[in-house]
Amino acid sequence: RSACFLAARELLEHLPPGTIFDAEDVYGFQMDENRDILGHRLHDLNKDSAATLHEAAVIPTTGGSYALAQLWRHRLFDFGDLPPDAKDAVFGKTQADDKYICDAKVDLESRPDQLAFAIDAGLPEGSHVARMIGVDQDGNRLRIVRQSMPCGGIAPGPVDKDNIHEPGLFFLGFSRDPLVFDYMLKRMAGQPIRDPSRDKRPC
């Protein structure tokens with residue numbers, strides 16, 4: 001935590017006055033077995049070679065990158081009231097053994113083009129897994145370099161169902177093309193997965 005503090009202070013010292021309009025200190029931590037606050041596994045999607053990750057995140061002409069930061073506050077009490085199968089349906093995977101919820105053997109991390117097949121085989125269409133799988137016109141996955149980590153704490157605020165300060169997940173992603181983020185955000189906001197253009201890059 002001290003390293004994060006020092007890095008943030010150094011960054012702020014080099015930014016022009018008026019650059020930051022609002023800020024919040026959010027510190028992440030690791031759960032047992034690399035799980036998130038809700039109990040499901042966080043997967044390392046940055047398993048590709050350094051060259052592939054560089055190609056996904058870095059703009060060739062400038063050497064820069066587009067960054068997307070998201071802070072998700074989870075309603076732990078409401079989620080805790082759900083039965084186990086309903087919790088798994090939210091993610092699209094089982095919490096116990098980390099398997100896709102469908103009647104067919106698929107590996108969407110290496111074969112994202114199998115998404116429609118997986119949904120036909122029982123994968124909940126509104127699940128996190130289904131909404132976060134994206135492919136371009138050639139069936140290649142729309143890639144970003146990402147890191148997710150549990151964050152937050154119980155305080156401040158009363159520990160009850162109206163506690164808006166509950167812990168959650170901090171997400172940081174990098175891409176060479178902001179349209180990839182646009183595609184992902186639209187899917188997260190409810191864009192139909194069965195839309196005929198779902199596998200096309202939003203140009």
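Helices here are DSSP runs of H or I with at least four residues, numbered from the N terminus, and that numbering is what you'll use to find your way around this predicted model.

**Stop 1: the whole chain**

Start with everything selected and colour by secondary structure. You should find 7 helices and 3 strands. Walk along the sequence and the order reads α-α-β-α-α-α-α-β-β-α. Now switch on a surface: the accessible area is about 12800 Å², and 56% of that belongs to carbon and sulfur atoms. Of the 203 residues, 33% are buried. If you like contact maps, draw one: among contacts with a separation of 6 or more, 63% join residues 24 or more positions apart.

**Stop 2: the largest pocket**

Next, select F91, H128, V129, M132 and R146. Of the 46 residues lining the largest pocket, these are the closest to its centre. The pocket itself has a volume of about 1300 Å³.

Which elements should you light up around it, each supplying at least two lining residues? Colour β1 (66-73), α4 (84-91), α6 (128-132), β2 (145-151), β3 (168-175) and α7 (178-188). Then pick out α7, since the largest share of this lining, 5 residues, comes from that helix.

Try colouring the lining by residue class, too. You'll get 21 nonpolar, 10 polar and 15 charged residues.

**Stop 3: the second largest pocket**

Now move to the second largest pocket, which holds about 880 Å³ of space. Select A8, E24, D25, V26 and F170 to land there: of its 25 lining residues, these are the closest to the centre. For the surroundings, show α1 (2-13), β1, β2 and β3, the elements that give two or more residues to this lining.

Which element gives the most here? Select α1, which contributes 6 residues. By class, the lining of this second pocket divides into 17 nonpolar, 3 polar and 5 charged residues.

With both pockets on screen, leave the three strands coloured. β1, β2 and β3 are among the elements that supply at least two residues to the lining of the largest pocket, and these strands also give two or more to the lining of the second largest.

**Stop 4: a backbone detail**

Finish by zooming in on D98. You'll find this residue in the loop between α4 and α5 (115-120). Check the backbone torsions: D98 has a positive phi of about 60°, although this residue is not a glycine.

Notes. Residues are numbered from 1 along each chain as its sequence is written. This is a predicted model: local features need pLDDT of at least 70, side-chain atom pairs count only at pLDDT 80 or more; totals for chains, interfaces and linings use all residues. Side-chain values use heavy atoms; hydrogens and water are left out. On a 1 Å grid over the protein atoms alone, a cavity is a set of points where a 1.4 Å probe fits but cannot get out, and a pocket is an open set with protein on both sides within 12 Å along at least five of seven lines; lining residues have an atom within 4 Å of a point. Grid points are joined across faces, edges and corners, and a volume is the space filled by probe spheres set on the points. Ala, Val, Leu, Ile, Met, Phe, Trp, Tyr, Cys and Pro count as nonpolar, Asp, Glu, Lys and Arg as charged, and the others, Gly among them, as polar. Buried means under 20% relative accessible area, exposed over 50%, partly exposed in between (1.4 Å probe, protein chains only). Contact means heavy atoms within 4.5 Å. Accessible areas come from the Shrake-Rupley method with a 1.4 Å probe; for residues, only the protein chains shown count as cover.
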